[in-house]
Amino acid sequence: MIFRRDRFGDLVKRQLDLFNEDEAELLREAAAAELAYDQTDRDDAEEAYGDFQLVLEAVADRLGEVRAAYAATLDDDAADEYAQAFARAVRKRYPRLTSEP
């Protein structure tokens, strides 16, 4: 029997590619918030960081919705394997997310 290390890798890659297209505006907002935080002065840093975190949470929430929708179609073992593959891919593609979806 041959075991594939990451049988969901291609699927997750395609899902994240679609996410980039569908959520392009949100991802641009995240990039702009990060840039604003990086360029802000010390007095405004806390507020800018909070704004950045709110956008990152929105990205993480939306990714969580994508993951949950597909995982719901799988049996428990496959859903766990898929969720792990999804989390690995998200960490790789979106390293600034502070929490996984």
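Buried means under 20% relative accessible area, exposed means over 50%, and partly exposed lies in between. Keep those cut-offs at hand as you move through this predicted model.

**Stop 1: Ala89**

Start by selecting Ala89, which you will find in helix H4. Its relative accessible area is 22%, so Ala89 counts as partly exposed. Now show what surrounds this residue. Setting aside neighbours within four places in sequence, Ala89 is in contact with Val12 and Leu16. If you like, add Asp77 to the view: Ala89 and Asp77 are 12 residues apart in sequence, and their C-alpha atoms are 19 Å apart in space.

**Stop 2: Phe86**

Stay in helix H4 and select Phe86, which also has its place there. Is Phe86 buried or exposed? With a relative accessibility of 0%, Phe86 counts as buried. Next, pick Gly9 and draw a C-alpha to C-alpha distance to Phe86. The two are 77 residues apart in sequence, yet 7.9 Å apart in space.

**Stop 3: helices H3 and H4**

Colour helix H3 (residues 45-71) and helix H4 (residues 76-93), whose axes come within 10 Å and cross at roughly 155°. That angle is over 145 degrees, so H3 runs roughly antiparallel to H4. Turn the view until one helix lies in front of the other, and you can look at the right-handed crossing in which H3 passes H4.

Which residues of H3 and H4 meet? On the H3 side, select Leu63, Val66, Arg67, Tyr70 and Ala71; on the H4 side, select Ala79, Tyr82, Ala83, Phe86 and Val90. Sorted by type, the residues of this contact are 9 nonpolar and 1 charged, with no polar ones.

**Stop 4: helices H1 and H3**

Keep H3 in view and bring in H1. The axes of this pair come within 12 Å and cross at roughly 135°. That makes H1 oblique to H3. The crossing of H1 and H3 is right-handed. To see the contact, select Leu11, Gln15, Leu16 and Phe19 in H1, then Val59, Arg62, Leu63, Val66 and Tyr70 in H3. Here the residues divide into 7 nonpolar, 1 polar and 1 charged.

**Stop 5: the largest nonpolar core**

Now for the inside. The largest nonpolar core has 25 residues, and the ones touching the most other members are Val59, Leu63, Phe86, Tyr94 and Leu97. Show those five as sticks, then colour the elements that give two or more residues to this core: helix H1 (9-22), helix H2 (24-39), H3 and H4. Which element gives the largest share? H3 does, with 8 residues.

**Last stop: Val59**

Finish by centring on Val59, one of the core residues that touch the most other members. Leaving out residues up to four places away in sequence, Val59 touches Phe19, Leu26, Leu27, Ala30 and Leu97. Of these, you have already selected Phe19 as part of the contact of H1 with H3, and Leu97 as a member of the core.

How values were computed
Residues numbered from 1 in each chain as written. Predicted model: local features only at pLDDT ≥ 70, side-chain atom pairs only at ≥ 80, totals over all residues. Heavy atoms only, no water. Axes fitted to C-alpha atoms, helices over the stretch in contact; angles between N-to-C directions. Helix = DSSP H or I, 4+ residues; strand = E, 2+ residues; numbered from the N terminus. Parallel < 35°, antiparallel > 145°, perpendicular 65-115°, else oblique. Left-handed = near helix turned anticlockwise from the far one by under 90°. Contact = heavy atoms within 4.5 Å. Nonpolar A, V, L, I, M, F, W, Y, C, P; charged D, E, K, R; others polar. Core = buried A, V, L, I, M, F, W, Y, C linked by side-chain atoms within 4.5 Å. Buried < 20%, exposed > 50% of the residue type's maximum accessible area, 1.4 Å probe, protein only.
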